[in-house]
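Biologist: Hi! I'm new to this one, could you walk me through it?
Modeller: Happy to, let's bring it up.

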Amino acid sequence: MKHCNSEKLFEEAQKYIPGGVNSPVRAFRSVGLNPIFIEKGKGCKIKDVDGNEYIDYICSWGPLMLGHSNEELLEGIEEVVSKGTSFGVPTEIEVKMAKFIVEAYPSVDMVRMVNSGTEATMSALRVARGYTNRNKIVKFEGCYHGHSDALLVKSGSGTITFGVPTSPGVPADTVKDTLVCRYNDMESVKEVFQKYGDDIAAVIVEPVGGNMGVVPGKKEFLQGLRDITKEYGAVLIFDEVITGFRIAFGGAQEVYGIEPDMTCFGKIIGAGLPVGAYGGKKEIMEMVSPVGPVYQAGTLSGNPLAMHMGYKNLNILKNNKHIYDELEQKAIKLEKGINENIKKLGIKATVVRFKAMLCLFLAEGPFDNFQEVMKCDTEKYAVYFKEMLDRGILLPPAQFEAMFLSAAHGDEELEYTIKCNYEALKVAFQK
Ligand SMILES: *Cc1c(COP(=O)(O)O)cnc(C)c1O
């Protein structure tokens, strides 16, 4: 497979963009390669600038539930564009979008649109702090909530600690109010609440961890978070930027039957355009300016083009809920096929699947938290990734990311993927 045009673009890109990419994972560094540049996508396939075609398991990291360039989704979009792309004053589609989300999520009485998942979580935390008049927040190691300062933390030494910044440029003072607990470990949460409970504004969690591979939250854990936040008067925030409208129409909160106080959305609700949203109980959301005193704004928030695409995407999903079952069936098919390959090869690897979220960990489980996930063999993953790429399959270019499926992935592609998976694992584990 030739990548000359991608290589040329990458060389040029590195002169003008740090690392040649606008988001680090795209640089393919953790698999030791250079990125491929994409020309176009259709259905479950994408074509790079060298004419190579791939079955795509990134799907823009989740937004593309219907696959690339879905005709129904794109129909009429020119007309929307022709009317103007941004006004800075309200449009009807913003109302429709908000009403749609509120009707789809019983825990959400009101919602505010933003432009990314990062903005959604950052704003939700500000509102929760304003609402409770408290400072501290609790997050979990391995959960990703975008790149706002207060959330770029990992736990320091010891089991319960104040977070330490994971990036230069984040002052230690900025994260001193971020407490980091262990995912799926209620004891670590109880400890911080016993110590700091009266000053904890919010607990933010990915109900299904999707940024450390796939690590589903245990039901008792999420219920435990619901109970303890209620007991202490803290706000429970579900970051459903991946899971919302993806693992089920009603997101993880529907699957687990647990209602958070606030929810963050992103990815899927924009259908590939830059969108995020945060919402929750009325009395909390009424803290937001201009009703309340908590400031939050955005020049392009509720952008009409993005709203039209997102609204249409969500309506297609609502009217075709069989898509969710079908996506899960596809994930099960991959899970089964890959598990058979693992058995045949006698290697140490584990498929973790939750609904249609899927990850192949190159180590033996269990995988309940960040530390356990870190056992994986990232060097073998790099070999595996390259072998798959050479066979025309684009996986997430990092071990600790979820694979994403779309309605456009068909049996034939899944079977081909399973066949290649066998060959690629064989090579990876011989090295
Ligand atoms: C992707 C993601 C974010 C950040 O969203 P951006 O649009 O990239 O800023 C936040 N939370 C979760 C769970 C995500 O997967």
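Modeller: Below we go through the ligand, one helix and several loops. Please keep in mind that this is a predicted model.

Biologist: Great, let's start with the ligand. Which residues surround the ligand?
Modeller: Its surroundings are made up of Ser 116, Gly 117, Thr 118, Tyr 144, His 145, Gly 146, Glu 206, Asn 211, Asp 239, Val 241, Ile 242 and Lys 267.

Biologist: And how do the residues of that shell divide into nonpolar, polar and charged?
Modeller: Three are nonpolar, six are polar and three are charged.

Biologist: Nice. What is 2.6 Å from an oxygen atom of the ligand?
Modeller: That would be an N or O atom in the side chain of Lys 267. The side chain of Asn 211 also has an N or O atom 3.1 Å from an oxygen atom of the ligand. On the nitrogen side, a nitrogen atom of the ligand sits 3.2 Å from a polar backbone atom of Tyr 144.

Biologist: How much of the ligand's accessible area does the protein cover?
Modeller: On its own the ligand has 380 Å² of accessible area, and the protein covers 83% of that.

Biologist: I spotted Gly 117 and Thr 118 in your list. Which helix has residues 117-132?
Modeller: That's H5, with 16 residues. From first C-alpha to last, H5 reaches 22 Å, close to the 22 Å expected at 1.5 Å a residue.

Biologist: Which residues in H5 are buried?
Modeller: Gly 117 and Thr 118 are among them. The others listed as buried are Glu 119, Ala 120, Thr 121, Ser 123, Ala 124, Leu 125, Val 127, Ala 128 and Thr 132.

Biologist: What comes just after H5?
Modeller: Asn 133, which takes a positive phi of about 55 degrees. As background, most residues other than glycine have a negative phi.

Biologist: Okay, so where else should I look for a positive phi in a residue that is not a glycine?
Modeller: Try Ser 60, with a phi of about 60 degrees. Ser 60 is in the loop between strand E3 (53-56) and helix H2 (71-74). Ala 271 is another non-glycine with a positive phi, about 50 degrees, and its loop runs between strand E13 (262-265) and strand E14 (276-280).

Biologist: Is Ala 271 buried or exposed?
Modeller: Buried, because its relative accessibility is 6% and the cut-off for buried is under 20%. Ser 60 is partly exposed, with a relative accessible area of 38%.

Biologist: Changing topic: which peptide bond ending at Pro 290 or Pro 366 is cis?
Modeller: Both of them. The bond from Ser 289 to Pro 290 is cis with omega near 10 degrees, and the one from Gly 365 to Pro 366 is cis with omega near 5 degrees. In general, most peptide bonds are trans.

Biologist: Where do those prolines sit?
Modeller: Pro 290 is in the loop between helix H9 (282-285) and helix H10 (304-319). Pro 366 lies in the loop between strand E16 (357-361) and helix H12 (370-373). Glu 364 has its place in the loop between E16 and H12 too.

Biologist: What does Glu 364 touch, leaving out residues up to four places away in sequence?
Modeller: Lys 348, Thr 350 and Lys 375. Glu 364 counts as partly exposed, because its relative accessibility is 48%.

Biologist: And what about Val 214? Buried or exposed?
Modeller: Val 214 is buried, at 0% relative accessibility. It sits in the loop between strand E10 (208-209) and strand E11 (215-216). Beyond four places in sequence, the contacts of Val 214 include Val 352, Phe 354, Leu 358, Cys 359 and Ala 402. Asn 369 is 155 residues from Val 214 in sequence, and their C-alphas are 9.8 Å apart.

Biologist: Let's do one more loop. Where does Leu 395 lie?
Modeller: Between strand E17 (393-394) and helix H14 (411-430), in the loop. Leu 395 counts as buried, at 2% relative accessibility. Among the residues it contacts, apart from neighbours within four places in sequence, are Tyr 57, Tyr 381, Phe 385 and Met 403.

Biologist: Last one: what is joined to the side chain of Thr 91 by a polar contact?
Modeller: The side chain of Glu 94, at 2.7 Å. Thr 91 is in the loop between helix H3 (77-82) and helix H4 (92-104), and farther along the sequence it contacts Gly 302 and Pro 304.

Key: Residues are numbered from 1 along each chain as its sequence is written. This is a predicted model: local features need pLDDT of at least 70, side-chain atom pairs count only at pLDDT 80 or more; totals for chains, interfaces and linings use all residues. Side-chain values use heavy atoms; hydrogens and water are left out. Helices (H or I, at least four residues) and strands (E, at least two) are DSSP runs, numbered from the N terminus. The expected span of a helix is 1.5 Å times one less than its number of residues. Buried means under 20% relative accessible area, exposed over 50%, partly exposed in between (1.4 Å probe, protein chains only). A polar contact is a pair of N or O atoms within 3.5 Å; within protein, one must be able to donate a hydrogen and the other to accept it, and residues adjacent in sequence count only if both atoms are side-chain atoms. Contact means heavy atoms within 4.5 Å. A residue is near a molecule or strand if one of its heavy atoms lies within 4 Å of it. Accessible areas come from the Shrake-Rupley method with a 1.4 Å probe; for residues, only the protein chains shown count as cover. Ala, Val, Leu, Ile, Met, Phe, Trp, Tyr, Cys and Pro count as nonpolar, Asp, Glu, Lys and Arg as charged, and the others, Gly among them, as polar.
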